[in-house]
Amino acid sequence: MGQDRKLTAIAAVDRNWGIGQEGKLLVHLPGDLKYFKEKTKDGIVIMGRKTLESLPGGKPLPNRDNLVLTHDSNFAKKHVTSDALTVCLSLDELFQTLSSKAIGGKSVFVIGGASVYEQLLSYCTTCLITKIDAAFESDRFFPNLDVDARFSFVRESLPQTEAGIHYRFVEYKRIDREAESV
Ligand SMILES: NC(=O)c1ccc[n+]([C@@H]2O[C@H](COP(=O)([O-])OP(=O)(O)OC[C@H]3O[C@@H](n4cnc5c(N)ncnc54)[C@H](OP(=O)(O)O)[C@@H]3O)[C@@H](O)[C@H]2O)c1
């Protein structure tokens, strides 16, 4: 779409790249939520309708432009009460919105869930993955970047521990060729 905008995926995964179960996150890690907030603050976040509904009160995230994918053309009428939430009915509509001037030069984050990560990973040049050193029951997954030749591990934080659960902030970069632009 001409603006050469690249996306960053951000997700918290368990040992099996699980991200969610029955519409919820696998585990509550305040340190990870803080990291997510710091990284995405003042940016644009792209999410699926189910992820929006999983947020507190089903409300958009504050201090960010929230772009929500749904096929439901009535969704906007029912849910959009502020400029902070834009409904996109397709990937084409999402890319048009990202190209709009109003969005300017802000960073763009893909924040889930599984269906949205799957569709937009090929547009991502960076993936910020919180790797949780535990295995949970999961019904939603992030694509396993450790077996994806398009991505390479770049760096990781020191281990963090909360409530006996260990995790690290890991960064992957696209290496094979430039990711697709939106
Ligand atoms: N661990 C993490 O970092 C993390 C992050 C985010 C979410 N999650 C978890 O992931 C789970 C939700 O993931 P999910 O895959 O079930 O749902 P999702 O991706 O959040 O939302 C799926 C919905 O998005 C809409 N959608 C997706 N692609 C679209 C497209 N191309 N055009 C129009 N609409 C589109 C559809 O909405 P309609 O049905 O309305 O048409 C679809 O049903 C939850 O358990 C959540 O807690 C985890």
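In which strand does glutamate 156 lie? The model, which is predicted, places glutamate 156 in β10, a strand of residues 151-156. Glutamate 156 has 13 C-beta neighbours inside 10 Å, so it counts as partly exposed. Beyond residues up to four places away in sequence, glutamate 156 touches Arg168, Phe169 and Val170. Leucine 128 lies 28 residues from glutamate 156 along the chain. The C-alpha atoms of these two residues are separated by 9.6 Å.

Strand β4 was examined next. Five of the five residues of β4 are buried, and the strand is mostly covered. The cover extends to both faces. Ile44, Ile46 and Gly48 are buried on one side. Val45 and Met47 are buried on the other. In a regular strand, side chains alternate between the two faces of the sheet.

β4 has parallel partners. Five bridges pair β4 with β5 in the parallel sense. In this pairing, isoleucine 44 stands opposite aspartate 65 of β5. Together with α2, the strands β4 and β5 form a right-handed β-α-β unit. β4 also runs parallel to β7, to which three bridges join it. Here isoleucine 46 is set opposite valine 110 of β7.

Strand β1 is likewise described by its cover and its pairing. Six of the seven residues of β1 are buried, and β1 is mostly covered. β1 and β8 run parallel and are joined by seven bridges. Alanine 11 stands opposite isoleucine 129 in β8. β1 also pairs with β7, in the parallel sense, over two bridges. Threonine 8 faces phenylalanine 109 of β7 as its opposite residue. Thus β7 is parallel to β1 and also parallel to β4. In general, the strands of a sheet pair through backbone hydrogen bonds, either parallel or antiparallel.

The largest nonpolar core contains 40 residues. Ala9, Ala11, Ile46, Val110, Tyr117 and Leu120 have the most contacts inside it. Two or more residues of this core come from each of β1, β4, β5 (65-69), α4, β7 (108-110), α5, β8 (124-132) and β12. β1 gives the most, with six residues. Valine 110 illustrates the contacts around one core residue. Its neighbours within four places in sequence aside, valine 110 is in contact with Leu7, Ala9, Ile46, Val116, Tyr117, Leu120 and Cys124. Among these contacts, Ile46 is also the residue of β4 that stands opposite valine 110.

A second arrangement of strands is antiparallel. It is an open sheet of three strands, in the order β3-β2-β9. β3 and β9 (140-141) are the edge strands, and each pairs on one side only. Two bridges link β2 and β9 in the antiparallel sense. Glycine 18 stands opposite phenylalanine 141 in β9.

The ligand is surrounded by 28 residues. Gly20, Gly48, Thr51, Gly112 and Gly113 are the closest. The elements that each give two or more residues to this shell are β1 (7-13), β2 (18-21), β3 (24-25), β4 (44-48), α2 (49-54) and α5 (114-120). By class, the shell has 11 nonpolar, 12 polar and five charged residues. Several elements recur here. β1, β4 and α5 are among those that supply the shell, and the three are also among those that supply the core. Gly48, one of the residues closest to the ligand, is buried on the same side of β4 as Ile44 and Ile46.

Two further positions were considered. Leucine 91 is placed in helix α4, residues 91-99. It has 15 C-beta neighbours inside 10 Å and therefore counts as partly exposed. Leucine 69 is 22 residues away along the chain, and the two C-alpha atoms are separated by 7.8 Å. Glycine 164 lies in the loop between β11 (160-162) and β12 (165-174). Glycine 164 counts as exposed because it has 6 C-beta neighbours inside 10 Å. Serine 107 is 57 residues from glycine 164 along the chain, and their C-alpha atoms are separated by 33 Å.

Notes:
Residues are numbered from 1 along each chain as its sequence is written. This is a predicted model: local features need pLDDT of at least 70, side-chain atom pairs count only at pLDDT 80 or more; totals for chains, interfaces and linings use all residues. A residue is near a molecule or strand if its C-beta atom, placed from the backbone, lies within 6 Å of it. Helices (H or I, at least four residues) and strands (E, at least two) are DSSP runs, numbered from the N terminus. Ala, Val, Leu, Ile, Met, Phe, Trp, Tyr, Cys and Pro count as nonpolar, Asp, Glu, Lys and Arg as charged, and the others, Gly among them, as polar. A residue is buried if 20 or more other C-beta atoms lie within 10 Å of its own, exposed if 12 or fewer, and partly exposed in between; C-beta atoms are placed from the backbone. A nonpolar core is a set of buried Ala, Val, Leu, Ile, Met, Phe, Trp, Tyr and Cys residues joined through C-beta atoms within 7 Å. Two residues are in contact if their C-beta atoms, placed from the backbone, lie within 7 Å. Two strands pair if DSSP finds at least two bridges between them. A crossover is right-handed if, with the strands pointing away from the viewer, the path from the first strand over the helix to the second runs clockwise.
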